[in-house]
Amino acid sequence: MPTNLSDEISTTISASAVLKGLRKSKYTIWALFGVVIALFSLYAIVTDGFELFFTRLYDGLTNGFIYSAMAIALVLIYKATGVINFAQGSMAMLGTFVAYVLIVEQGVPTLLGILIAMALSALFGAGIERVLIRPFDPTNHLPITIITLGLFLGINAFAGLIWLYDPRAFPTPFPSGADDYFELFGARLRYDRLGIWIMVGLMFVLLTLLLRKTKAGLAFRSVSSSIESSRLVGINVGRTLQFGWALAAAVGTLAGCLIANTTLLEPNFMNRVLIFSFAAATLGGLDSIGGAVVGGLIVALVETMAGGYIDVIGSELAATTALAVIVVVLVVRPNGLYGSKRIERV
Amino acid sequence: MALVTLTERTVAHRVYQVAAWALFTIVVLSIPSYAGLDAEIGRWSDVICYAVAILGLNLVTGYSGQISLGHSAFVGIGAYVTIILVGDHDWSYFTAIVAGAVIAFGVGLLIGLPALRIRGLYLAVVTLSVAVVFPQLVQKFESITGGDNGKKAAAELLPPSWTGLDSRNRNDIAAYKYYLLIGVAGIMFLLVRNLIRSRPGRAIVAIRDNQTSAAVSGVDLRLYKTLTFGVSAAVGAIAGGMFVMREPFIAPSQFGLDLAIFLVVGLVLGGVATLPGAIPGAIILVFARKLTTDHTDIIPWLDGRPGAGAIADVLFGVGLIVFVFVLPGGVIDGFRRLRGLIVRVVPNPAWLPAAAAAAAAASTQAVGSVEPVTVTSTTVPAEGT
């Protein structure tokens, strides 16, 4: 018995030492992640084979890029106004319906229709910022959060009244015939799915360039780090926040148009996506655009892979698992993976 | 200026308070006889259930300042525990509701734990996840919860003979349930009121107002934050059990994200961080939908349109935004301002130190409507005057 006890003590000590070490080094956590993912992939390939694994991987990536796109829109608003915009999905849905009217009912070319809808959404977003958000003190978050909740309810119901709740097919600008795919690692990768990856990637690059290389982008980054100091150096804070809202609305509409093609278009089609995008943005750290992309991919991959390979979870609990993972990550890292810590002075 | 000025703790003030309470009680108790039909009484029973659910949310969002979008799940836990214990294990309603509250208290503590590390919007996302996950869990454990088809308990609350109500008359049954629910709700409001006024209650409010200075003043943040979440979840679960008392049939879709958002709507429209605000909030939730759905034919464009009732949601959304601009204190704040035009309660100088009395008198003259918060917020009911 004594030997057992001492064994136990030594293992707990070593375990706590390991935990301490893990907490200190970010890279160890990533390495641990890598090992878990590698083991899981190995198990998955051994049990169900190569093809299914890659099919699921592609599905997960498609969902991931979609979540990322919405998460980027959320992050832009968070950086600008410091709130989570609960109406982001509704605004994107409205933009997508505008694109639908333009493309399907008016016969505008798909890509052009999406671009026009993005421009209109940007105007709409800027208008919302000016009329509903700017009158409030930007440091007081509760009223702004409630306003976005009100927009969420109102816009969704309004769209339901106009367009009713029948699902509609939404066109894609990419080739989407039955034969438009190629095989990669034995699994089919469709061109329209690949198009989503490319569009979101392109958007990410353009957005990063916009924020890093232009004067407006510099102003935006400055305002998001400190409103007071930005005002002192002569930045028009209101205008800059408006720019952030416009940008977010346009990004959201693009995301909506890409998603509508994979699901179907109806007034509530963004709600489910929005929740995963919240999770993705939170996981990434809410104020990091790169984090939003990583967060989106992680959420979607956990959802698809855990749902696909672990029987207990199945499709019913896939979403639950993805959300549970986020809660666990938040408990370990309260500011998300890439979020900046907020230090308050009393 | 107010028509009547009452001095605090004089006979006249006492009479006013008692009269207001008496009026409120009479109005509440006479609703079944006015409403008449069982559907109409049932709607008022809904109001009571919603009011208790909003009360629970108010504890965590209004008093402790943490946005929770997951209260639908706690209401759902209370409802499911109650219906399972009553329907499958032959418990009585009241012990089952208490059991539901205890379980929800535990779950609330668990969810409150991340709240210690996660603040503000991160917490909103965590609670939002809870709201989304709950219906999925109900569907997953179909064998005990009944899954998507919902769950029904055979045992219904029937009025015993001493009440003089007919246990075969649907209207009488509805009235009996209404009175039971009023009793439960009354107990809950009283408990929460006492909690808010107690030492822990002040600690909770101190955390909301300034977390750091609360901690410096000796408030145990960890203890009180988790406890608030737990208690608020328990109150929500009682509301869930009350829904089952009202109608022993529930389905997972009732306790989804929609409910969580509507509770926030009711909280904001009624009045954040005031106890009586839950009542007008719940009345708006129940009757605004009913009224707008019944009268969609006023607008020709809506007449006969499928799903025209969605106009209620548009109005809720617009109402939420308008209230934040015009009446951030909610309906109850508007009601108090109106009442302030008629009755004004001023502090009794005899009860105050002389200097404070002089200052109070001066500021009353200057501002015109200074009312001591304790009097307006709790001792006078919403429907008084």
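Colleague: Among the elements of chain B, which has the lowest mean pLDDT and which the highest?

Modeller: This is a predicted model, in which local features need pLDDT of at least 70 and side-chain atom pairs count only at pLDDT 80 or more, while totals for chains, interfaces and linings use all residues. Residues are numbered from 1 along each chain as its sequence is written, and chains are lettered from A and ligands numbered from 1 in the order in which they are written. Helix α16 (residues 373-379) of chain B has the lowest mean pLDDT, 41, and helix α3 (residues 71-89) of chain B has the highest, 91. Here pLDDT is the predictor's confidence in each residue, from 0 to 100. Helices (H or I, at least four residues) and strands (E, at least two) are DSSP runs, numbered from the N terminus.

Colleague: Where in chain B does pLDDT stay under 50?

Modeller: That applies to residues 367-385 of chain B, for which the model has 39 contacts beyond four places in sequence. Two residues are in contact if their C-beta atoms, placed from the backbone, lie within 7 Å. Where pLDDT is low, the predicted coordinates should not be read in detail.

Colleague: And what is the mean pLDDT of chain B?

Modeller: The mean for chain B is 82, and 87% of its residues reach 70 or more. For the complex, the predictor gives an ipTM of 0.78 and a pTM of 0.82.

Colleague: On to the interface: how many residues does the contact take from each chain?

Modeller: Chain A contributes 35 residues and chain B 36. On the side of chain B that touches chain A, α5(B) gives the most, with 13 residues. The residues of that side of chain B divide into 25 nonpolar, 7 polar and 4 charged. In this scheme Ala, Val, Leu, Ile, Met, Phe, Trp, Tyr, Cys and Pro count as nonpolar, Asp, Glu, Lys and Arg as charged, and the others, Gly among them, as polar.

Colleague: Within chain B, how do α2 and α12 pack?

Modeller: Helix α2 (residues 38-63) of chain B and helix α12 (residues 278-294) of chain B pack at an angle of about 135°, with their axes 8 Å apart. Axes are lines fitted to C-alpha atoms, for helices over the stretch in contact, and angles run from 0 to 180 degrees between N-to-C directions. α2(B) and α12(B) are therefore oblique to each other, as angles under 35 degrees count as roughly parallel, over 145 as roughly antiparallel, 65 to 115 as roughly perpendicular and the rest as oblique.

Colleague: Which residues meet there?

Modeller: Among them are B:Y50 and B:I54 in α2(B), and B:A282 and B:L285 in α12(B). The residues of this contact of α2(B) with α12(B) divide into 11 nonpolar, 2 polar and 3 charged.
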